[in-house]
Amino acid sequence: MSKVKNILIAGVGGQGILLASEVISEVMLMAGLDVKKNEIHGMSQRGGSVVSHVRYGEKVYSSIIPEGEVDILFSFEMLETCRYLPLLRKNGRVIVNDWKIAPPSVALGKQAYPENIPENIRQQFPTTTVVSGLDLALAAGNAKAVNTVLLGALSNILEFDRELWLTALRKMIPPRLLEVNLKAFDSGCRIK
Amino acid sequence: MKKVLLSGNEAIARGTYEAGALVACAYPGTPSTEILENITQYQEINSSWAPNEKVALEVGIGACFGGARALVTMKHVGVNVAADPLFTLSYTGVRGGLVLVTADDPELHSSQNEQDNRNFAKFAKVPMFEPADSQEALDFTKLAFEVSEQFDTPVFLRTTTRISHSKSAVFLGERPTDIPEPKLERNPAKLVMLPGNARKRHVIVEQRTLDLEKWACQQSFNLIEKGEGKVGVITSGVSYQYVKETMPDADILKLGMVYPLPKQMIRDFAANYETLYVVEELDPFIEEQVQAMGIKVTGKAKISICGELTPGRLQQDLFGTDIPKEDTSSDLPQRPPNMCPGCPHRGVFMELNRAKAYVTGDIGCYTLGFMPPLSAMDTCICMGASIGNATGISKVLSAEEQRKVVAIIGDSTFLHTGINGLMDMVYNQAAATVIILDNRITAMTGRQENPTSGYTLNNLEAPRVDMEQLCRAVGVEHVRVIDPYDIALTRKTIREEMARPETSVIITSRPCMLVPRDNLERRTPLFVDHDKCTGCKACLRLGCPAITWDEENKKSNIDKIICTGCKVCQQTCGFDAFQECGENS
């Protein structure tokens, strides 16, 4: 792999984005690649927008993805997906969780939550995968396992051994939550 | 050697351990906070939170005078607070090595300004290292301790948000086993900075900078990477990474130490190029010094002083390339940060808004009281400023207008530098009201303990400052302690104290919702009874993330997954529509 690959993770504070980006980075490191990841803490912990950049390849310099070079937009929330679409490459991939979290202006009834988001994304990026993360997480046994469902869906379009993903999950997730999360990961893997 | 992924902050913590340091002290501040949090895993290091950055540095200085290596960390604006001891420490020098981390925040991700603390290195005559990734963060931390002892000087390690919070691969080393035992050693001519002693030390400081400058020309942390030989770039820190992305063929002089600059090395490098750039974030710190050497360079004529760099922004500034940007169109609702559901500050701000108070604000989660719909903050300058600002503004107002002035400050910020302002307010008899939002934690930076918490950084029990007694001790006669979940009481108290033509303090006492040890009992979430809800929107004035407006039914709803059951919304409802969830709801 000579080229650097770029994954931009988007969502809302509290959705488990940091853990997801940790798992992805760990997989890349175990695969023997150079990895950098970057996100903004602080204000974003208070329910604001969160983005995390993960870059991997033979040698990675900037931890910020060069604008317009996102290979995969891996989004945990519908509206947040829309903000970052312009940063994708022309043939980029989108994985989007179908969860809607109302930002303050929508919660206060001052603005409408945009409609038909998946359809609009597909017009630009026909290969987009829409995941019902919350439903699958609940089916696996814990609403908080949405991030591992989504990681399963992501693992489908990346070329890394399943065993690396499982090792990373075992390393990052507390033992008492592991079983539910492995189940959630598998349900994500089954998404075509 | 073990290879792991570490953030810059984790790597600095590890480097401190591998340098054999014995003490680490800090006041939390984004993006520096995780350094001390990670140091707690190394039992060999005595780590603690200080009430402010000045005290943190003074503790570090004491440890280094005792002969130990000491780390002190802070965000960029923290160095303003610690500047007083810093400038004189530069004169005394050290005994054990002292490293001061300044974590700068270009782009103001979580700060009130984007000052460039490289200027402090020059101003205080203190050498400064600047890592470009996590491996360098670890290596330069160890190096900084060595340089501190070798040149008898405190040493700065400067990070930026993108270094502190980015993870990259790091090889771990070991802690030395031959750490010298600290013991007292008197040297008053060096450590007592009376004018007669300090005059002599100043001469030594000037020579030290010259020595460091010559020495730095021979060191591998300042290095030249050969490209195609056509274009030269001088850069450092995270900017180096963006240069590698944007100009992969350029020859690069990468500076590991940004003060003092290796002048001869720069002259030799610069002589090779017709086109020479200096690529740096924020101020033209390197550029101006290079220009003062009579070398022609391009820097801030093209590259913005404001904000952080990215690969795309550098490309755009230098070569005019159009770069894609994230969608900021108005039909995509913004998602600003908000106080958490159940935050005890929320009701206080709603009542300040209703009372039409002029609120001098401060630094913490509660600065979010500025955001609509609470919209109850009129000023915010720096840590502790709210109280002095209230005193000052009430000096120039009529008696009637004075009554509108309310200073609002959190417990941690109050103990940081607010207490001095309160002494002044009482002493000089300003007729303002001070509200201390006491949630017993430094919440904004991620819930760090402070002297009101009853716990230390290492989660050991500690004496707790009694806020009420403290305010009375400085001379405040009217101190009232209230529960901010009681909205009627909060409203009444705020109005009464605002009307009082004397200094008064209201302490709102309620632990942060996110601190598990203080909120063991999970309360029952509420729901909105749509038969009773009239759609009056009174509850929406709280801006609680758990309450959403249902446009279709013209009623409010509660997200029971995030509702904490604080019942503040229940008290805003005139129609009894907010009910506790039962077994079946």
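**Chatting through chains A and B**

Biologist: Why do α5(A) and α8(A) count as oblique to each other?

Modeller: α5(A) and α8(A) pack at about 135 degrees, and they are therefore oblique (not under 35, over 145 or 65 to 115 degrees). Their axes lie 9 Å apart. Axes are lines fitted to C-alpha atoms, for helices over the stretch in contact, and angles run from 0 to 180 degrees between N-to-C directions.

Biologist: Anything to keep in mind about the model?

Modeller: This is a predicted model, where local features need pLDDT of at least 70 and side-chain atom pairs count only at 80 or more, while totals for chains, interfaces and linings use all residues. Residues are numbered from 1 along each chain as its sequence is written, with chains lettered from A and ligands numbered from 1 in the order written.

Biologist: OK, back to the helices. Which residues of α5(A) and α8(A) make the contact?

Modeller: From α5(A), Leu136(A), Ala137(A), Ala139(A) and Ala140(A) take part. α8(A) brings Val180(A), Lys183(A), Ala184(A), Ser187(A) and Gly188(A). Contact is C-beta atoms, placed from the backbone, within 7 Å.

Biologist: And by class?

Modeller: This helix contact has six nonpolar, two polar and one charged residues (nonpolar is Ala, Val, Leu, Ile, Met, Phe, Trp, Tyr, Cys and Pro; charged is Asp, Glu, Lys and Arg; the others, Gly among them, are polar).

Biologist: How many helices and strands does chain A have?

Modeller: Chain A has eight helices and six strands. Those are DSSP runs numbered from the N terminus, helices being H or I over at least four residues and strands E over at least two. The C-alpha atoms of chain A fill a box of roughly 50 × 40 × 35 Å along the principal axes.

Biologist: New topic, the interface. How many residues of chain B are in contact with chain A?

Modeller: 44 residues of chain B are in contact with 44 of chain A. Among the elements supplying at least two residues each on the chain B side are α7 (161–164), β8 (166–171) and α10 (237–246). That side divides into 19 nonpolar, 15 polar and 10 charged residues.

Biologist: What does β8(B) do with β2 of chain A?

Modeller: Three bridges join β2 (residues 34–39) of chain A to β8(B), and the two run antiparallel. Strands pair when DSSP finds at least two bridges between them. Lys37(A) stands opposite Lys167(B) there.

Biologist: Now just chain B. In what order do the strands of the seven-stranded sheet come?

Modeller: The order is β3-β2-β4-β5-β7-β6-β12, in an open sheet with mixed pairing. β3 (46–49) and β12 (257–259) stand at the edges with a single partner strand each, so one side of each has no neighbour in the sheet. Further in, six bridges join β5 (residues 98–104) to β7 (residues 155–160), running parallel. Val101(B) has Leu157(B) as its bridge partner.

Biologist: What about the four-stranded sheet of chain B, which order there?

Modeller: β9-β11-β10-β13, again open and mixed. Neighbouring strands are turned by 20 degrees against each other on average, direction ignored. α10(B) packs on that sheet, touching β10 (231–236), β11 and β13. The direction of α10(B) makes about 145 degrees with that of β10(B).

Biologist: And where does β9(B) pair?

Modeller: With β11 (residues 251–255) of chain B, through three bridges, antiparallel. Ile224(B) stands opposite Leu253(B).

Biologist: Last one: at what angle do α14 and α19 of chain B cross?

Modeller: Roughly 45 degrees, with axes coming within 10 Å. α14(B) and α19(B) are therefore oblique to each other. Their contact includes Glu351(B) of α14(B) and Arg491(B) of α19(B).

Definitions and conventions: Contact = placed C-beta atoms within 7 Å.
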